[in-house]
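Biologist: Could you take me through one part of this model up close? I'd like to hear how the pieces there sit against each other.

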Amino acid sequence: MRIHVTFIDRVGITQEVLALLGGRNLNLDAVEMVPPNVYIDAPTLSAGVLEELRDALFKVRGVQAVKVVDILPGQRRRLQLDALLAAMSDPVLAVDGGGRVLLANPALIALCGREPEGEALGELFADADLQQALLDQHFRLPLREVSLNGQALLLDAAPISETAEAGQLAGALLTLYEPSRIGARLAALHHDHAEGFDSLLGDSTPIRTLKARAQRVATLDAPLLIHGETGTGKELVARACHALSPRHAAPFLALNCAALPESLAESELFGYAPGAFTGAQRGGKPGLLELANHGTVFLDEIGEMSPYLQAKLLRFLSDGTFRRVGGDREERVNVRIISATHRDLERMVAEGEFREDLFYRLNVLNLQVPPLRERGQDIVLLARHFMQQACAQIQRTQCRLTTDTYPALLGNRWPGNVRQLQNVIFRAAAICESNLVQVGDLDIAGTAVAQQQAGGEVTSLEAAVSAFEKELLETYYARHPSTRQLAARLQTSHSAIATRLRKYGIKANR
């Protein structure tokens with residue numbers, strides 16, 4: 001039976017209460033004193049003895065209440081702690097200030113195959129340097145790779161302070177993560193976009209064609225090569241394909257092959273072993289391939305990859321294995337490679353600038369992202385969307401594009417594609433003094449198209465799109481004087497072209 005005694009705090013009252021229990025030869029399994037309360041767990045206490053004990057307790061000066069409770073507060077906290085640790089899928093252990101294990105959760109016990117309570121960290125991980133480093137740095141170490149029972153893991157240490165004063169450490173809480181768990185956290189940090197193909201805004205024929213094809217290849221677990229000009233949104237397409245794939249619950253991590261020198265790109269992609277080079281982390285570092293295990297790695301600007309890295313990537317694509325920089329152990333992971341380029345890889349292969357065998361490994365599936373100039377129907381839609389984004393980002397009242405801006409937006413060639421359009425709209429939102437954005441607020445206002453069309457009055461978006469579409473069809477129909485040729489050039493169906501030509505009364509020049 002467990003009882004809770006409440007009293008007025010005074011010197012000696014706790015001893016008097018316990019003396020009454022001791023005088024009745026009651027076995028005490030636990031006593032918790034939190035003045036002005038004392039909690040007692042006495043398994044042999046019967047209901048009859050309790051009544052007599054209650055009378056005796058109330059004769060002690062200061063005792064206010066005696067009641068039966070189902071569990072002691074400390075016991076309840078321990079049960080809750082055990083349940084919390086059991087619910088954690090990552091291995092977790094608590095250590096004292098000297099680096100000895102106080103408790104471990106079931107995930108860690110299962111991993112090491114024994115109850116490690118009382119062991120020193122150096123014994124548990126077979127790494128005396130690790131324990132010394134943790135103690136020297138007061139358990140404040142950056143994420144570090146360790147090995148436990150032959151499995152490579154990343155260790156995160158959180159010191160536990162006994163008081164708020166510096167140096168008063170009671171120990172630490174150590175959490176072990178599989179590399180892919182850290183990869184998922186990294187992916188989440190960069191996940192600031194809509195899920196799947198909702199992120200690909202637009203309803204033009206080229207973008208609908210892209211979405212339809214991408215949805216088919218997304219579910220196929222094979223390498224995918226995405227072609228497209230700079231700024232067309234190749235990474236958005238890659239992320240959308242990952243989100244729709246069977247690997248969607250695992251990380252999506254990206255590397256721009258043109259942004260890093262060869263040595264740094266190699267260590268970022270493949271990781272490095274302990275002591276691989278001066279300045280390397282003591283425990284080594286997993287690369288993106290390990291962090292994204294069971295997920296997707298996106299290699300942007302694959303055409304800029306050095307010949308050495310091309311050979312190393314080819315080896316990985318062949319059998320799923322690789323070696324870290326400075327390492328001698330074969331690592332094996334299960335990762336889908338999606339790559340992208342704005343360059344003509346077939347021409348590069350012919351000229352010896354890109355490995356032919358790697359090209360065929362990467363080009364199992366492929367997608368072509370259309371340039372913005374071929375998506376005239378989407379330009380104003382995208383501009384409006386970017387305007388909302390920009391105004392929210394710089395925290396100003398929402399701006400609106402006037403209809404006078406439509407001819408300039410629709411007529412521009414957009415060599416920088418969607419990225420250029422986004423930058424133009426952001427600058428307009430930043431410098432515009434009114435909430436109505438005029439042609440003069442756009443960086444493209446000085447182009448020949450803008451100057452030619454800015455003087456004309458635009459009545460609506462539909463009218464502007466129709467005018468642009470008619471002019472485009474008239475121009476290209478003169479160069480491709482058959483509906484089938486024109487449909488092929490504009491990447492749409494023969495029936496769609498025939499319908500539009502009739503709509504605008506455009507006839508072939510004879």
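Modeller: Sure, and keep in mind as we go that this is a predicted model. Let's start with a pair of helices, α10 (residues 262-270) and α12 (residues 307-319), whose axes come within 10 Å and cross at roughly 15 degrees. Angles under 35 degrees count as roughly parallel, and α10 and α12 are therefore roughly parallel to each other. Their crossing is right-handed. On the α10 side the contact is made by Glu 262, Ala 265, Glu 266 and Phe 270, and α12 answers with Tyr 308, Leu 309, Lys 312 and Leu 313. Sort the residues of that α10–α12 contact by type and you get five nonpolar and three charged, with no polar ones.

Now over to the sheet. It's an open one with four strands in the order β2-β3-β1-β4, and the pairing is antiparallel. β2 and β4 (63-69) sit at the edges with a single partner strand each, so one side of each has no neighbour in the sheet. From one strand to the next, the twist averages 15 degrees.

Strand β3 (residues 37-41) deserves a slower look. Five of its five residues are buried, so to speak of β3 as mostly covered is fair, given that buried means under 20% relative accessible area. Both faces of β3 are covered, too: Asn 37, Tyr 39 and Asp 41 are buried on one side, and Val 38 and Ile 40 are buried on the other.

What about the partners of β3? Strand β2 (residues 30-34) is joined to β3 by five bridges, and the two run antiparallel. Ala 30 stands opposite Asp 41 in β3, and a hairpin of two residues takes you from β2 to β3. Strand β1 (residues 2-7) is also joined to β3 by five bridges, again running antiparallel. There, Thr 6 stands opposite Asn 37 of β3.

Carry on across the sheet and β1 meets β4, with six bridges joining this antiparallel pair. One of the matches there is Arg 2, whose bridge partner in β4 is Val 69. Helix α2 (residues 47-58) packs on the sheet here, touching β1 and β4, and its direction makes about 155 degrees with that of β4.

How values were computed. Residues are numbered from 1 along each chain as its sequence is written. This is a predicted model: local features need pLDDT of at least 70, side-chain atom pairs count only at pLDDT 80 or more; totals for chains, interfaces and linings use all residues. Side-chain values use heavy atoms; hydrogens and water are left out. Axes are lines fitted to C-alpha atoms, for helices over the stretch in contact, and angles run from 0 to 180 degrees between N-to-C directions. Angles under 35 degrees count as roughly parallel, over 145 as roughly antiparallel, 65 to 115 as roughly perpendicular and the rest as oblique. A crossing is left-handed if the near helix is turned anticlockwise from the far one by less than a right angle, and right-handed if clockwise. Contact means heavy atoms within 4.5 Å. Ala, Val, Leu, Ile, Met, Phe, Trp, Tyr, Cys and Pro count as nonpolar, Asp, Glu, Lys and Arg as charged, and the others, Gly among them, as polar. Buried means under 20% relative accessible area, exposed over 50%, partly exposed in between (1.4 Å probe, protein chains only). Two strands pair if DSSP finds at least two bridges between them.
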